[in-house]
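Work through the exercises below with the sequence and the model at hand. Each task is followed by a solution in steps.

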Amino acid sequence: MMSSAILMVAVTPMVAQAQNISAAPGESGDTAWLLAATVFLLLAGLPGVALFQAGRARTGAFVATMVQTATIAAAVSLAWVLVGYTLAFGTVTAGWLGSGNAWMLIQLSDLRDGLTVPESAFAFFQIACAIVCTALIPGAWSGRARFGWVILFTTLWSLIVLAPVVHWLWGGGWLAAATGTIDFAGGMALEVSAGTAALVTAILMGRGLDFDAPRNLRLSPITLAGAFLLWLGWLALCGGSAFAANDDAAAALLATHAAGCAGMLSRLLIDRLRRQPPRAESAAMGLVAGLAAIAPAALTVSLGGAAAIGAIGAALAVGSAALIRRIGIDDRLGVFSLFAVPGAAGSLLVAIFMAPALGGTGYDDTMNPVAQLVAQVIGVAVVMTWSAIGSTIIALAASLAFPMRVSESSEEAGLDAAIHGEA
């Protein structure tokens, strides 16, 4: 009897402590919304990227594209749990990198500073953003990159290039704090950085053997299905970036939806002016470009402004893709033209369409249209330059462990042949 009493006394403080840990403060509605947005971003965004990329891949690279996307998701997830999150969102010191207080996600606060959600929920959302962003890059080298090099490059890139950029823009770092640059849901941090990495590594890898071959349009329905999933994933990205279940989230969702619709119609109109029939691939690419364009501006512009940004982003994607191909760069699935170009355009157009006269939210007290545009130009230039330099160094370093490119025989046979044991 005495031993039972002693055991109860010893256990009671531990039980109380466990109950206190589980009862972290926070707004339950905001937390539920953020967790739902995170799961939906992964649920729709990852299959969306995989299908959107695989549906436009060269013949014989469909399964390989899907496998690369899945493996990148796993590798980047663990990398960001270990060190990526703390590099991006650790305690601000000099404004260049977060401190190491949150490596392996230790010492997370009950609430993220300035928000009403637990930092664990905030961290999960940011890791999901890093996963989807990094998974975009391999589309540039579809069908010709060696698997080991792809995984090593993308994992290192997410830590060395992406995490610092995220800190500069979202984690309290120097770029947003010093210049007033606005990047609501990743037009710069995610899309410009990933698209630039895709372009420079595509240049390093060289053109594919089938660069001049006609496109295979038989998988266009899969491409469109992937774009529809990305539509839902980008709604979760932009809506979740409000970090609260409130009017800001609703406004971001509406703006994202309007921009995606405008982007799709803009691309189909361009095809019509070219006397081309409406194609599933064109609808998919216009939709995705419109979604990419609105990400940095979803919270600060009106619905009309969002539609204009989406339409402009889709048109610029068409022109930039044609220019890149004319130059001879084999960005096979147009990652730069579909994400970096619209993302950069939306980042610059936010300075115009956030004006109150155009229905926007207006400027901070220390800003005006010209000052905001200068801040946006600085942000785009810094992110693009950092990603280009960092991606080049990481690509060459990773090639010391694994060759960048598969052999000519493997490329001709298709990467799916090796997966199925046929090569």
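**Exercise 1.** In which loop is the place of Ser241? Describe the surroundings of this residue.

Solution. The model is a predicted one.
- Step 1: Ser241 sits in the loop that runs between helix H8 (220-240) and helix H9 (247-273).
- Step 2: The relative accessibility of Ser241 is 9%. Buried means under 20%, so Ser241 counts as buried.
- Step 3: From the side chain of Ser241 to the backbone oxygen of Leu237 the distance is 2.6 Å.
- Step 4: Leaving aside residues up to four places away in sequence, Ser241 touches Phe125, Phe184 and Ala185.

**Exercise 2.** Which residues lie nearest the centre of the second largest pocket? Characterise its lining.

Solution.
- Step 1: The lining of the second largest pocket comprises 23 residues, and Trp170, Asp183, Phe184, Ser241 and Phe243 are those nearest its centre.
- Step 2: Two or more lining residues come from each of helix H4 (119-136), helix H5 (147-170) and helix H6 (174-179).
- Step 3: Sorted by class, the lining of this pocket has 14 nonpolar, five polar and four charged residues.
- Step 4: The volume of the second largest pocket is about 510 Å³.

**Exercise 3.** Does the span of helix H7 agree or disagree with its 19 residues? Establish also whether H7 is enclosed.

Solution.
- Step 1: Helix H7 covers residues 187-205, and at 1.5 Å a residue it should span 27 Å.
- Step 2: The C-alpha atoms at the ends of H7 are 26 Å apart, which agrees with the expected span.
- Step 3: Of the 19 residues of H7, 17 are buried, so the helix is largely enclosed by the rest of the structure.
- Step 4: After H7 comes Gly206, with a positive phi near 90 degrees.

**Exercise 4.** How many cavities of 30 Å³ or more does a search of the whole structure find? Describe the largest and the second largest.

Solution.
- Step 1: The search finds three such cavities.
- Step 2: The largest cavity holds about 90 Å³ of space. Its lining has 14 residues, with Thr65, Gln68, Pro138, Gly139 and Ser142 nearest the centre.
- Step 3: Helix H3 (residues 62-89) gives the largest share of that lining, four residues. By class, the lining of the largest cavity has seven nonpolar, seven polar and no charged residues.
- Step 4: The second largest cavity holds about 50 Å³. Among its lining residues are Leu41, Cys129, Glu191 and Leu237.
- Step 5: H4, H7 and H8 each supply at least two residues of this second lining, and H4 gives the largest share, four residues. Its classes are eight nonpolar, no polar and one charged.

Key:
Residues are numbered from 1 along each chain as its sequence is written. This is a predicted model: local features need pLDDT of at least 70, side-chain atom pairs count only at pLDDT 80 or more; totals for chains, interfaces and linings use all residues. Side-chain values use heavy atoms; hydrogens and water are left out. Buried means under 20% relative accessible area, exposed over 50%, partly exposed in between (1.4 Å probe, protein chains only). A polar contact is a pair of N or O atoms within 3.5 Å; within protein, one must be able to donate a hydrogen and the other to accept it, and residues adjacent in sequence count only if both atoms are side-chain atoms. Contact means heavy atoms within 4.5 Å. On a 1 Å grid over the protein atoms alone, a cavity is a set of points where a 1.4 Å probe fits but cannot get out, and a pocket is an open set with protein on both sides within 12 Å along at least five of seven lines; lining residues have an atom within 4 Å of a point. Grid points are joined across faces, edges and corners, and a volume is the space filled by probe spheres set on the points. Ala, Val, Leu, Ile, Met, Phe, Trp, Tyr, Cys and Pro count as nonpolar, Asp, Glu, Lys and Arg as charged, and the others, Gly among them, as polar. The expected span of a helix is 1.5 Å times one less than its number of residues.
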